[in-house]
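Colleague: Got a minute to go through this one with me? I'd like to start with the strands and then jump around.

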Amino acid sequence: RRRMGEVVSNGEIVVDLFCGIGYYTLPILVKSKVKHVYSCEWNIHAINSLKFILKENKVENKCTIYEGDNRETTGDLTNIADRILLGLLPTAKKSYDIALKCLKHSGGFLHLHGLAPANNHQKLVDSTTKLLESLDYDYKVKNMIINKIKSYAPHWDHLVLDIEVKKI
């Protein structure tokens with residue numbers, strides 16, 4: 001969570017497709033010089049908490065909340081983001097298409113959470129790369145960093161893939 005507030009560059013636009021109460025959104029808003037964060041959430045209780053937290057931290061003017069299913073509410077976020085957060089376990093595969101739609105045409109970064117066997121993190125890397133490149137957006141995975149967050153279950157790890165994609 002703290003790391004997200006450190007990796008966002010000055011002036012970036014971020015889309016958090018599964019923001020919840022702002023677990024990643026808030027550190028980005030408070031610790032970086034982000035231009036704007038678009039936070040997507042469908043749980044009304046989480047949205048109310050997020051609104052409260054944004055106001056208490058005096059960053060509500062730098063965050064727009066999209067209420068509802070991000071597959072339905074993000075239509076006007078096309079070609080806008082430098083960075084997309086996909087923090088949903090066990091997978092956010094159903095929103096990869098949305099993530100690439102929101103990403104600037106030139107490319108950017110995806111921070112994708114997922115689960116992988118503890119002895120084979122490459123399995124998640126390979127399946128993610130294949131799926132991202134199969135979508136009809138002409139992006140190529142340029143760089144990927146694997147971050148092990150913690151053990152999720154016996155013999156399974158929670159990973160975050162920091163993925164840089166560029167237009168082909």
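Modeller: Sure. This is a predicted model. Let's start with one strand pair: strand S1, residues 13-16, runs parallel to strand S2, residues 36-41, and four bridges join them.

Colleague: Which residues of S2 face Val15 and Asp16 there?

Modeller: Val15 has Tyr38 as its bridge partner in S2. Asp16 stands opposite Ser39.

Colleague: Is S2 mostly covered or mostly open?

Modeller: Mostly covered. Six of its six residues are buried.

Colleague: Which way do the S2 side chains point?

Modeller: They split into two sets. His36, Tyr38 and Cys40 point one way from S2, while Val37, Ser39 and Glu41 point the other way. Both sets are buried. In a regular strand, side chains alternate between the two faces of the sheet.

Colleague: OK, zoom out. What order do the strands take in the sheet?

Modeller: S3-S2-S1-S4-S5-S7-S6. That is seven strands in an open sheet, with mixed pairing. Strand S3 (63-67) and strand S6 (139-153) are the edges, each pairing on one side only. From one strand to the next, the twist averages 15°.

Colleague: Which helices lie across it?

Modeller: Helix H3 is one of them. H3 covers residues 44-56, lies across S2 and S3, and runs at about 170° to S3. Helix H6, residues 122-134, lies across strand S5 (107-117), S6 and strand S7 (156-167). The angle of H6 to S6 is about 140°.

Colleague: Stay at that end. How many bridges does S7 make with S5 and with S6?

Modeller: S5 and S7 pair over eleven bridges, antiparallel. S6 and S7 are joined by twelve, also running antiparallel. One facing pair there is Tyr139 and Lys167, the latter in S7.

Colleague: What links S6 to S7?

Modeller: A hairpin, with two residues between the strands. His155 sits in the turn and has a positive phi of about 70°.

Colleague: Why do you call S7 largely enclosed?

Modeller: Because nine of its twelve residues are buried, S7 is largely enclosed by the rest of the structure.

Colleague: And His158, buried or exposed?

Modeller: Buried. Its relative accessibility is 7%, and the cut-off for buried is under 20%, so His158 qualifies. His158 lies in S7, and it is the bridge partner of Leu115.

Colleague: What does the His158 side chain reach?

Modeller: The side chain of His113, in a polar contact of 2.9 Å. Beyond its neighbours within four places in sequence, His158 also has contacts including Leu89, Gly114, Asn147, Ile149 and Tyr152.

Colleague: Different histidine. Where does His121 sit?

Modeller: In the loop between S5 and H6. Its side chain makes a polar contact of 2.7 Å with the side chain of Asp157. Leaving out residues up to four places away in sequence, His121 touches Ala116, Ile146, Lys148, Asp157 and Leu159.

Colleague: How far apart are His121 and Thr74 in space?

Modeller: 31 Å, C-alpha to C-alpha. In sequence they are 47 residues apart.

Colleague: Switching to pockets. What volume does the largest pocket have?

Modeller: About 270 Å³. It is lined by 15 residues, and the closest to its centre are Phe18, Trp42, Asn70, Leu88 and Ser95.

Colleague: Which elements supply the lining?

Modeller: S2 and helix H4 (70-73) are among them, each with at least two residues.

Colleague: Now backbone oddities. Where is the cis peptide bond?

Modeller: Between Leu89 and Pro90, with omega about 5°. Pro90 is in the loop between strand S4 (83-86) and helix H5 (96-102).

Colleague: What about Lys58, what is its phi?

Modeller: Near 55°, a positive value in a residue other than glycine. Lys58 is in the loop between H3 and S3. At 67% relative accessibility, it counts as exposed.

Colleague: And Asp138, where is that found?

Modeller: In the loop between H6 and S6. Asp138 is not a glycine either, yet its phi is positive, about 55°.

Colleague: Why does Asp138 count as partly exposed?

Modeller: Because its relative accessibility is 47%. Partly exposed falls between the buried cut-off, under 20%, and the exposed one, over 50%.

Key: Residues are numbered from 1 along each chain as its sequence is written. This is a predicted model: local features need pLDDT of at least 70, side-chain atom pairs count only at pLDDT 80 or more; totals for chains, interfaces and linings use all residues. Side-chain values use heavy atoms; hydrogens and water are left out. Two strands pair if DSSP finds at least two bridges between them. Axes are lines fitted to C-alpha atoms, for helices over the stretch in contact, and angles run from 0 to 180 degrees between N-to-C directions. Contact means heavy atoms within 4.5 Å. A polar contact is a pair of N or O atoms within 3.5 Å; within protein, one must be able to donate a hydrogen and the other to accept it, and residues adjacent in sequence count only if both atoms are side-chain atoms. Buried means under 20% relative accessible area, exposed over 50%, partly exposed in between (1.4 Å probe, protein chains only). On a 1 Å grid over the protein atoms alone, a cavity is a set of points where a 1.4 Å probe fits but cannot get out, and a pocket is an open set with protein on both sides within 12 Å along at least five of seven lines; lining residues have an atom within 4 Å of a point. Grid points are joined across faces, edges and corners, and a volume is the space filled by probe spheres set on the points.
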